[in-house]
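Here are a few exercises to work through with the model open in your viewer. Try each one before you read its solution.

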Amino acid sequence: MQLLEGTQGFNIIKQWLLQKNREPFTFQSGTWQHIINGESGLVNAPTGCGKTFSVFLGALIDFINKHPDDYQIQKKIGLKLLWITPLRALAKDIGRAMEEVIGELGMGWKIGIRNGDTDIAERNRQKKQMPEVLIITPESLHLLLAQKGHAEFFRSLHLIAVDEWHELLGTKRGVQVELAISRIVGLTPQPPLLAERGSCISESRMYPMVWGISATIGNLEEATSVLIAPLSARRGVGGEASQIVKADMNKQIEVESILPDEIEKYPWAGHLGIKLAYKLIPIILESKTTLIFINTRGMSETWYQTLLNVCPELAGSIALHHGSIDMELRTWIEENLHKGTLKAVVCTSSLDLGVDFRPVETVIQVGSPKGVARFLQRAGRSGHSHDAISKIWFLPTHSLELVEAAALKNAMAQDVVESRQPMMLCYDVLLQYLNTLAISDGFVPESTYDEIVSTHCYKDLSQEEWRMILYFITQGGQALQQYDEFRKIEIEDGIYRITSRKVAMRHRMHIGTIVSDTMMKVKFMTGGYIGVIEEYFISRLEPGDVFTLAGRHLEFVMIKDMTALVRKSNAKKSIVPSWQGGRMPLSANLGKMLRATLDSVSQSAVGSRQSTVSIVTPSVAEGRQSAPDSYRDGSQQIIGSSPLTIHHSPLTKHPELEILRPLFDLQEELSHVPKENELLIEQIETKDGFHLFVYPFEGRLVHEAMAAILAFRISRIHPITFSFAMNDYGFELLSDQPIPVDDTNVYELFTPDDLLNDIQRSVNSTEMARRKFRDIAVIGGLIFQGFPGEQKKARHLQASASLLFNVFSEYDPHNVLLRQAYQEVLDQQMEEVRLRDMLNRIQHSNIVIRFPQQLTPFCFPIKVDSMREDLSSEKLEDRVRKMQKQLVE
Amino acid sequence: MQNPILYTLHHNSFWVSPERCLFWEEENTLIVADLHLGKSGHFRKAGIAVPQGIYKADLQRLMAQLYLFKVDRLIIVGDLTHSTENKELDLFIRWRKDFSLLHIDLVTGNHDILQDSWYEEADIKRLEWKLVIPPFIFLHDLKSKKKLAVNEMDLYAFTGHLHPGISIKGSGKQSLRFPCFYFAKEYCVLPAFSRFTGTYIVDPEKDDTVFAIVEDRLVKL
């Protein structure tokens, strides 16, 4: 092994850094050492601290070491470094930074960019002569693989870097990256070939290295092994171990909650945040630039308006950034963020990724960030020098969310971060990929199968499934023999190819895995493009209706050529579009931290118990867990003797919990604050009927599924119908008759036994699968969206996903894409694994059933959410006020 | 299978079948719309692997209805075929030969774009845009009613083209959509016969009659 220090490449790079008054960070030189060793792995570093250079400079050092005498004059030597990035917008900045280094080192390398924005001339130049570095998106990489003779592009490739791997992992774009790596590794010339050319590199060195760059996630090791799986498979067990280099930057993060002056004991989601908006103004005014993260596009529109109303002086120096806003406008905002000319930007996850905006000093998170990793990432958007403290403000949208702030702090103290689960067996992406190979040089099933199962995603793909997939792409599934003209992939001399130019062109248009809803452009009557909006929202508008987009009030005039035409409006009121999706559930980790945080509250305040108390202990004897000691404070006293006295201990060290004290006291008085090893169930009778509230703190998706399963299981005991409501903390079953849940049957009702069957019987998984099928059908090539500007010609090939779903369900029920839709429902919609974990946890905890005489602080937000569906927002506000008043009196 | 439901118009008896067609008793005629024959074949030819079983099933359903009502005549109010010619249509031609005594009228729809020779071979009488059998008239698209002469205006029109569907609100937030027969005062819109078709949601007036096709049953709304 060659030591990094002392190599010519290292000296040159070190000198270059010194000229800039910089020194390599330990994680950078660590990565360089691994790269000159020819190893693969992953760099774990936050944005904005030189992660790009860790891999890029490593590749340069390696190159210089191999060409010590002529590294400066070597040019047009073909692709050396392939840089995969999820964001088009990042490419330019990264490219510029790389070009600067190359220029200052006096090297002849070219840096190329290839993505949807790259023009044809540039692409053709690249085809003739690949630049030494190519920055590319996963989609464009697959388009490159769709070209004839693509093997030539990668012949001299030395290193594949995958930037922001944490963002790609767990998505279908990540699967595209896995497949592309498996292909490039598979294309690596065999040793004899090289030997003929007089090379003497050992076999293990011939494959390109693969390096991921990732922010902190809970499963870095898995993330690494997913990325380099094709290499590991080639080298066999006992091949070189992958390397994980962690940047020990120890970035300090300070979280401060914006506390309401008065705590509502009956919280509800939706209005508190806006009421606190005035408290943001001094924060915004005091710092250079502030990013305000809002969870949904709809709410970001509302917030933008509110901030302008509260502080009109901000007009002109505040902007709104979300996924539906015109690309040009977004680019303008991003440029001004760089320049520091904007005071504040209200944004959604649209600014989660990407380059660092140096002027950003302050970050505000409005509402629950739903997960620890996301919160950390957003916090990291402020305070850029690596020793600066990143400060993030948390503004709750209802008072209980303050518990989340405390839980987030605890999570950070304990380094609890979410994992990203890699996706498995995505047949849709595989079908698309096979078509991609078929339009390039074609493929041979045997060797392609080996390549595909070398990826993590398809490692469990059986021969049987493989045959089904080949049958589907060559024969088109069920057909009427002599009356069929199915034509897609044809077999010539054992090679699977697409020969029809039309089919090939159509496929090329459809490479990619990001399926957006049908969006409609929004334009002024006088011209001028504002943004895009979901078609279904527009379809519900009448001419004259006023809605908000990009912070403007717009009056809807008409639809013309798939464009919604609008004019400016001075109306005071407008409809804020609710964009579909974007409602992330609370992560499992944050849920766990929430339960632990509540435990500390519960331990510190013990009130009197009402007479209608029953504590149920599990019937299972073994394996019961109690709360870990770390959440308990030894100094506390638990005294429950005198009625209605509450003993406070200093345990609630977070101001967020301190201010919520009255709420917890009320909760404890009426019902109970659950400890970590408890599941709280409340049964309440109101004039609406009989309510059953359950608080697992597992996020709304799990709650939705659990509510349906529980309802099904109860109805087996006794015929009864329910309506459901849920939020991230718990769920409600409501019925017009008493709900037969008590200590005799509650453990049985929450059993993990027979879970799959009960899911199938209780949840309308067909409808859920139908919704999932849309993306799958587009990715898998069943839905043809037409060529841009040519929609009409393809009219005879239009069929909606829903219709195709019906047709396949009836006439080809074993179709792999259909199967995938149901599997995705289980994995993503129901979070089956998490559901099962929850039920197992509940089996080993104490289930506490309470019968409060009135609604409690915990159940109130769920109750309000269940009313939300049938009421307008103003009426809802009135109703809620009345309810709050009645309850407090 | 549920029995057809009688619907009377101008003293004529029309039997509404849950198999998406109407039987006109007085004329011993079956009325259908939007068969879109060859649609799955058209998709398959373009490399989109729609199972062909749906086409076969459509043909079999049509055959079953013809046998059930023992009709002499079939009126198609447009869109017999889906697109340009393909092999799937050969199956129809073969099938047509088994029903050689059946008279078929086709009111041309926007999808009926095949060569005249094909209609000749299939022994189908093609009408340019309307078929008048007083007091009724058969059109493809309801919109072409405007083009009618004054003396034809009062005729009751049977039309297709729209693929009407009705949305029924279920429990919770769910709403389900079903294909439907739509009877208004002066016209009727038939559901698309082919099951490989989508639906366009109609918004009925108070006096209109709608038969939703739920699975294989008719539900009068």
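The exercises below go from one chain as a whole to its helix pairs and then to the contact between chains.

Before you start: this is a predicted model, in which local features need pLDDT of at least 70, side-chain atom pairs count only at pLDDT 80 or more, and totals for chains, interfaces and linings use all residues. Residues are numbered from 1 along each chain as its sequence is written, while chains are lettered from A and ligands numbered from 1 in the order in which they are written.

**Exercise 1. Describe chain A in broad strokes.**

Step 1: Go through the secondary structure. Chain A has 34 helices and 26 strands (DSSP runs, H or I of at least four residues for helices, E of at least two for strands, numbered from the N terminus).

Step 2: Check burial. Of its 889 residues, 47% are buried (20 or more other C-beta atoms, placed from the backbone, within 10 Å of a residue's own).

Step 3: Look at contacts (C-beta atoms, placed from the backbone, within 7 Å). Take those in chain A between residues at least 6 apart in sequence: 77% join residues at least 24 apart.

**Exercise 2. Work out how α2(A) sits against α3(A).**

Step 1: Find helix α2 (residues 26-36) and helix α3 (residues 51-66) of chain A; their axes come within 8 Å and cross at roughly 45° (lines fitted to C-alpha atoms over the stretch in contact, with angles from 0 to 180 degrees between N-to-C directions).

Step 2: Name the arrangement. That angle makes α2(A) oblique to α3(A) (neither under 35 degrees, nor over 145, nor 65 to 115).

Step 3: Sort the residues that meet. The contact of α2(A) with α3(A) has nine nonpolar, five polar and one charged (Ala, Val, Leu, Ile, Met, Phe, Trp, Tyr, Cys and Pro are nonpolar, Asp, Glu, Lys and Arg charged, the others, Gly among them, polar).

**Exercise 3. Do the same for α1(A) and α3(A).**

Step 1: The axes of helix α1 (residues 8-19) of chain A and α3(A) come within 7 Å and cross at roughly 130°.

Step 2: That makes α1(A) oblique to α3(A).

Step 3: Pick out the residues. On α1(A) they are Gln8(A), Gly9(A), Phe10(A), Ile12(A) and Ile13(A), and on α3(A) they include Leu57(A) and Asn65(A).

**Exercise 4. Which residues build the contact between the chains?**

Step 1: Chain A gives 25 residues and chain B gives 26 residues.

Step 2: On the chain A side, helix α30 (residues 801-811) supplies the largest share, four residues.

Step 3: By class, that side has 13 nonpolar, five polar and seven charged residues.

Technical notes
Two residues are in contact if their C-beta atoms, placed from the backbone, lie within 7 Å. A residue is buried if 20 or more other C-beta atoms lie within 10 Å of its own, exposed if 12 or fewer, and partly exposed in between; C-beta atoms are placed from the backbone.
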